[in-house]
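Visitor: I should like to learn how to read the features of a protein model. May we go through one together, step by step?

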Amino acid sequence: MSQTVTPMISYQDAAALDWLSRAFGFREVTRIMMPDGSVGHGELATPEGGLIMLAEPTPDYRSPRRHAETCADADRWLSVPYVVDGVHVHVADLDAHFAVARDAGATVLAPPRDTGHGRAYSVADPEGHRWMFEQLPE
């Protein structure tokens, strides 16, 4: 049986759709608006053929960055530069991808580096979700 994994991420602000597209080179595929003006469902395609779903949940939701403002445990686990809970995406040109993400305001957790199985970098988006981008060796 073939399986596909599609991350589903909550964002407090629907502007994340635009930021993720601009910073990471994703392409918006779907945006379903709710009667209250929130995004009930959004889909972004990655350049390499992946899909990421996102939505604005209830007003009670707190993004990782906002959660860390009031929770010492969350603040501690977000203080490490690793992606221990995030999304991993393959890209074709890691260094060019990094330059765009950095210039768009992504928080750099780890700059581009050789990993022994390719090159990778890690960033956090404006709401604190963590992303690792990797270019596999040719």
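Guide: Certainly. This is a predicted model. Let us begin with a single residue: T107 has a relative accessible area of 34%, so T107 is partly exposed. That class lies between buried, under 20%, and exposed, over 50%.

Visitor: In which strand is T107 placed, and which residues does T107 touch, not counting those up to four places away in sequence?

Guide: T107 belongs to strand β6. Leaving out residues up to four places away in sequence, T107 touches R65, S122, V123 and A124. As for distance, the C-alpha atoms of T107 and C71 are separated by 20 Å, and these two residues are 36 apart along the chain.

Visitor: How should I read the sheet that contains β6, and in what order do its four strands lie?

Guide: In a regular strand the side chains alternate between the two faces of the sheet. Here the order is β5-β8-β7-β6, the sheet is open, and the pairing is mixed. β5 (86-90) and β6 (107-114) are the edge strands, each pairing on one side only. On average, neighbouring strands of this sheet are turned by 15° against each other, direction ignored.

Visitor: In what sense do β7 and β8 pair, and over how many bridges?

Guide: Residues 119-124 form β7 and residues 130-135 form β8; they pair in the antiparallel sense over six bridges. Within this pairing, R119 is opposite Q135 of β8.

Visitor: Which helix packs on this sheet, and which strands does the helix touch?

Guide: Helix α4, residues 94-103, packs there and touches β6, β7 and β8. The direction of α4 makes about 15° with that of β7.

Visitor: Let us turn to the other sheet. In what order do its four strands lie?

Guide: The order is β1-β4-β3-β2, in an open sheet with mixed pairing. The edge strands, which pair on one side only, are β1 (8-10) and β2. Here neighbouring strands are turned by 20° against each other on average, direction ignored.

Visitor: Where can I see both senses of pairing in this sheet?

Guide: For the parallel sense, look at β1 and β4, which are joined by three bridges; I9 has L54 of β4 as its bridge partner. For the antiparallel sense, look at β2 (residues 27-33) and β3 (residues 39-45), which pair over six bridges. There, R31 has G42 of β3 as its bridge partner. The hairpin of β2 and β3 has five residues between the strands, and G37 takes a positive phi near 95° in this hairpin.

Visitor: How does one describe two helices that pack together?

Guide: Two packed helices are described by the angle between their axes and the distance between the axes. The axes of α1 and α4 come within 7 Å and cross at roughly 140°. The two helices are therefore oblique to each other. R22, A23 and F24 of α1 make the contact with H97, V100 and A101 of α4.

Visitor: How many aromatic pairs does a search of the whole structure find, and why is the pair of W19 and F24 called edge-to-face?

Guide: The search finds eight aromatic pairs. The ring centres of W19 and F24 are 5.2 Å apart and the planes are at 80°, so this pair is edge-to-face. W19 counts as buried because its relative accessibility is 9%, and F24 counts as buried because its value is 1%.

Visitor: How are the rings of F98 and Y121 arranged?

Guide: Their centres are 4.9 Å apart and their planes are at 75°, so this pair is edge-to-face. Because F98 lies in helix α4 and Y121 in strand β7, the pair ties together parts that are 23 residues apart in sequence. Both F98 and Y121 are buried. Ring pairs link W19, F24, F26, F98, Y121, W131 and F133 into a cluster.

Visitor: How many residues has the largest nonpolar core, and which have the most contacts inside it?

Guide: This core has 25 residues, and L20, F24, F26, W131 and F133 have the most contacts inside it. Two or more residues come from each of α1 (15-24), β3, β4 (51-55), β5, α4, β7 and β8. The largest share, six residues, is given by α1. As an example, F26 is in contact with several residues beyond its neighbours within four places in sequence, including L20, L44, I52, V89, W131 and F133.

Conventions: Residues are numbered from 1 along each chain as its sequence is written. This is a predicted model: local features need pLDDT of at least 70, side-chain atom pairs count only at pLDDT 80 or more; totals for chains, interfaces and linings use all residues. Side-chain values use heavy atoms; hydrogens and water are left out. Two strands pair if DSSP finds at least two bridges between them. Axes are lines fitted to C-alpha atoms, for helices over the stretch in contact, and angles run from 0 to 180 degrees between N-to-C directions. Contact means heavy atoms within 4.5 Å. Rings of Phe, Tyr and Trp (its six-membered ring) pair if their centres lie within 6.5 Å; planes under 30 degrees apart count as stacked, over 60 as edge-to-face and the rest as tilted. Buried means under 20% relative accessible area, exposed over 50%, partly exposed in between (1.4 Å probe, protein chains only). A nonpolar core is a set of buried Ala, Val, Leu, Ile, Met, Phe, Trp, Tyr and Cys residues joined through side-chain atoms within 4.5 Å. Angles under 35 degrees count as roughly parallel, over 145 as roughly antiparallel, 65 to 115 as roughly perpendicular and the rest as oblique.
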